[in-house]
Amino acid sequence: MMKKFIKIFGFVAGGVVLTQMYQNCSQFEVMNSDLSSLSMSSSILPDSAHPGQKELTPPTQHVLVANKVYVSALMRDIFARTDADIELENLINKWIMFRPAQFGGSCNPYDSYSARDCGGDISNANLPQSTDHNTVRESFRLQFCENILGKDEFVSAVLGKITSTAAGPNANSIEQVYKLFYRDQDINPLTINSLVDMDHNLAQKSEVMIDRWRAVILQVCESPGWQLL
């Protein structure tokens, strides 16, 4: 009987010991888990002695373009038919001179009673002489090129300033047109070749000569490079 009681007590005692051992193990695991999480959190926390780097902003580049005074003078030199070409002046004023906010260049509010030179806004008298390239400016510039070259007389005015026009556009005459817009700049041979190819395609479609010239001059006029500073 005593042996049986001892055996039962041994089993119970062993179970209690095993239970305590498992509880101790779980306590150690919780402690270890807390320590590991503490070490991880401490590694995540920033060091006050070493603040984080500031976010870098990418550099910006501004494209500076000629103001309304230069652009207007250049268009007069290219398209003027007479010394006082009123129709040309009206187009220049409409799309360039009276757009100081887009083309840059301050205005004189005392030049005219209507202050049209200031684009209807007296604050434009304080505008900088040069401005950055902008989408609205390009829209006005392209409309000027399309409006003025929509008239045969202005196409003929350009042709009167170059030589070798009778045979149609060729490498030499196209380079002369290019230099009317791009002063003191050499034309890229690839540009000449592309314009010659364009004219060749128009000739194959039996386009009249003045329209072939109109297409060449329009391509050069609409290109943005001649206004860059």
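User: What pattern does the chain follow, read along the sequence?
Analyst: This is a predicted model. Along the sequence, the pattern runs α-β-α-α-α-β-α-α-α-α-α. That comes to nine helices and two strands.

User: How much of the chain is buried?
Analyst: Buried residues make up 31% of the 229 residues.

User: And the accessible surface, what does that come to?
Analyst: About 15100 Å² for the chain. Carbon and sulfur atoms hold 59% of that surface.

User: What share of the contacts joins residues 24 or more positions apart?
Analyst: Such pairs account for 70% of the contacts with a separation of 6 or more.

User: OK, helices. How do the axes of α3 and α5 cross?
Analyst: They cross at roughly 160 degrees and come within 9 Å. Angles over 145 degrees count as roughly antiparallel, so α3 and α5 are roughly antiparallel to each other. Their crossing is right-handed.

User: Which residues meet there?
Analyst: From α3, Leu88, Leu91, Ile92, Trp95 and Ile96. From α5, Phe140, Gln143, Phe144, Asn147 and Ile148.

User: How does that contact of α3 with α5 divide by class?
Analyst: Eight nonpolar, two polar and no charged residues.

User: Why do residues three or four places apart in a helix point the same way?
Analyst: An α-helix has 3.6 residues a turn, so residues with that spacing point the same way.

User: Now α8 and α9. Where do they sit in the sequence, and at what angle do they cross?
Analyst: Helix α8 covers residues 189–204 and helix α9 covers residues 209–222. Their axes come within 10 Å and cross at roughly 150 degrees. The two helices are therefore roughly antiparallel. α8 passes α9 in a right-handed crossing.

User: Who touches whom in that pair?
Analyst: In α8, the residues are Leu195, Met198, Asp199, Leu202 and Ala203. They meet Arg212, Ala215, Val216, Gln219 and Val220 in α9. By class, the contact of α8 with α9 has seven nonpolar, one polar and two charged residues.

User: What about the loop between α8 and α9, which residue has a positive phi there?
Analyst: Ser206 lies in that loop. Its phi is near 60 degrees, a positive value in a residue other than glycine. Most residues other than glycine have a negative phi.

User: Is Ser206 buried or exposed?
Analyst: Exposed, because its relative accessibility is 63% and the cut-off is over 50%.

User: Then the loop between α7 and α8. What is phi of Asp184 there?
Analyst: Asp184 lies in that loop, and its phi is near 60 degrees, also positive. Asp184 counts as exposed, at 86% relative accessibility.

User: Switching to helix α6. Which residues are buried?
Analyst: Helix α6 spans residues 152–159. Phe154, Val155, Ala157, Val158 and Leu159 are buried there.

User: What covers them?
Analyst: The cover includes α2 (68–79), α3 (86–97), α5 (135–149), α7 (171–181) and α9.

User: Take Ala157. Why does it count as buried?
Analyst: Ala157 has 12% relative accessibility, so it counts as buried. The cut-off is under 20%.

User: What does Ala157 touch?
Analyst: Ile78, Phe79, Ala80 and Arg81, leaving out residues up to four places away in sequence.

User: How far is Ala157 from Ala80, in sequence and in space?
Analyst: Ala157 and Ala80 are 77 residues apart along the chain. Their C-alpha atoms are separated by 6.7 Å.

Terms used: Residues are numbered from 1 along each chain as its sequence is written. This is a predicted model: local features need pLDDT of at least 70, side-chain atom pairs count only at pLDDT 80 or more; totals for chains, interfaces and linings use all residues. Side-chain values use heavy atoms; hydrogens and water are left out. Axes are lines fitted to C-alpha atoms, for helices over the stretch in contact, and angles run from 0 to 180 degrees between N-to-C directions. Helices (H or I, at least four residues) and strands (E, at least two) are DSSP runs, numbered from the N terminus. Angles under 35 degrees count as roughly parallel, over 145 as roughly antiparallel, 65 to 115 as roughly perpendicular and the rest as oblique. A crossing is left-handed if the near helix is turned anticlockwise from the far one by less than a right angle, and right-handed if clockwise. Contact means heavy atoms within 4.5 Å. Ala, Val, Leu, Ile, Met, Phe, Trp, Tyr, Cys and Pro count as nonpolar, Asp, Glu, Lys and Arg as charged, and the others, Gly among them, as polar. Buried means under 20% relative accessible area, exposed over 50%, partly exposed in between (1.4 Å probe, protein chains only). Accessible areas come from the Shrake-Rupley method with a 1.4 Å probe; for residues, only the protein chains shown count as cover.
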